[in-house]
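The report below covers the surface and fold of one chain, then the packing of one helix pair.

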Amino acid sequence: KTMIGMIAGILFWLVCVPFFSGLLLTRFWPKERQSFGLIFCNGYLTQIALFEIIYIIFVLLGSDSARWLGVVYAIFSLLYAFLSGWFGRESLKQGKLILINEKWSVFTVLFLLSVLGQMLLRFLQRVSDGDDAHFVATVTLTSQSVLMNTIQPYTGNYTPVLDLRHVFSGMPVYMGM
C-alpha cells in the first residue's frame, strides 16, 4: 500500500461515504436549513446506526470475526451511500447548500457554551474509570486480533463466553475497525 492510496482510502471513507449517506435524510429538511454540515452529521449518524444494526446481528448469530463484520458493513455502507446519493441528489442540484448558517440564535450560543464548559470540566477533573480502560483495550484487541468480544481486555485470556455488560456496545469494535 502506498501513502497516496492510504490517504485516498481515508478521504473516501471519512468524507465521501458519509457525505453521500447524508443526502437522503437531508432532502426531507426545509430547503433553507440544508447545509453541508447537516449532510455530514446525518451521514455519520446513519453510518453509525447501520454499523450498530449489523454488529448486533453478528453478536446474536455468535460470530466473533471482526474481519467479516468489516466486509459486510463496507458492502451495506457503500450500497446505502450510493442509494442515498442517488435519491438525495436533488439537494445537490439546487446549489443552495450553505456552509454556515449566518443566523446565530440564543440556542446556538448556549449549545456552544455548554460544549466548551463540558470540555473544560473534563480537562480539569480528568476522570478515569475502568470503563475507559475497557474501551481502549477493546479497541486495541479488535484492531490487532480481528476478533470481537472473545479476548478479555483486562486479562488477555480467550473466552467463548460473552461479557453481557459490554457485548452490546459496538462502538469499541467500530473504532477498532
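The accessible surface of the protein chain (Shrake-Rupley method, 1.4 Å probe) is about 12200 Å², and carbon and sulfur atoms account for 72% of that surface. The model is predicted: local features need pLDDT of at least 70, side-chain atom pairs count only at pLDDT 80 or more, and totals for chains, interfaces and linings use all residues. Residues are numbered from 1 along each chain as its sequence is written, and side-chain values use heavy atoms, with hydrogens and water left out.

Of the 177 residues in the protein chain, 28% are buried (under 20% relative accessible area, 1.4 Å probe, protein chains only). Among contacts (heavy atoms within 4.5 Å) between residues at least 6 apart in sequence, 68% join residues at least 24 apart. The chain has seven helices (DSSP runs of H or I, at least four residues) and zero strands (E, at least two), in the order α-α-α-α-α-α-α.

The axes of helix 2 and helix 3, lines fitted to C-alpha atoms over the stretch in contact, come within 10 Å and cross at roughly 140 degrees, on a scale from 0 to 180 degrees between N-to-C directions. The two helices are therefore oblique to each other (not under 35, over 145 or 65 to 115 degrees). Helix 2 passes helix 3 in a right-handed crossing (near helix turned clockwise from the far one by less than a right angle).

| Helix | Range | Residues in the contact |
|---|---|---|
| Helix 2 | residues 36-61 | Thr46, Gln47, Leu50, Phe51, Ile54, Tyr55, Phe58 |
| Helix 3 | residues 66-87 | Trp68, Leu69, Val72, Tyr73, Phe76, Ser77, Tyr80 |

By class, this contact of helix 2 with helix 3 holds eleven nonpolar residues (Ala, Val, Leu, Ile, Met, Phe, Trp, Tyr, Cys and Pro), three polar and no charged ones (Asp, Glu, Lys and Arg), with the others counted as polar.

Conventions. Buried means under 20% relative accessible area, exposed over 50%, partly exposed in between (1.4 Å probe, protein chains only).
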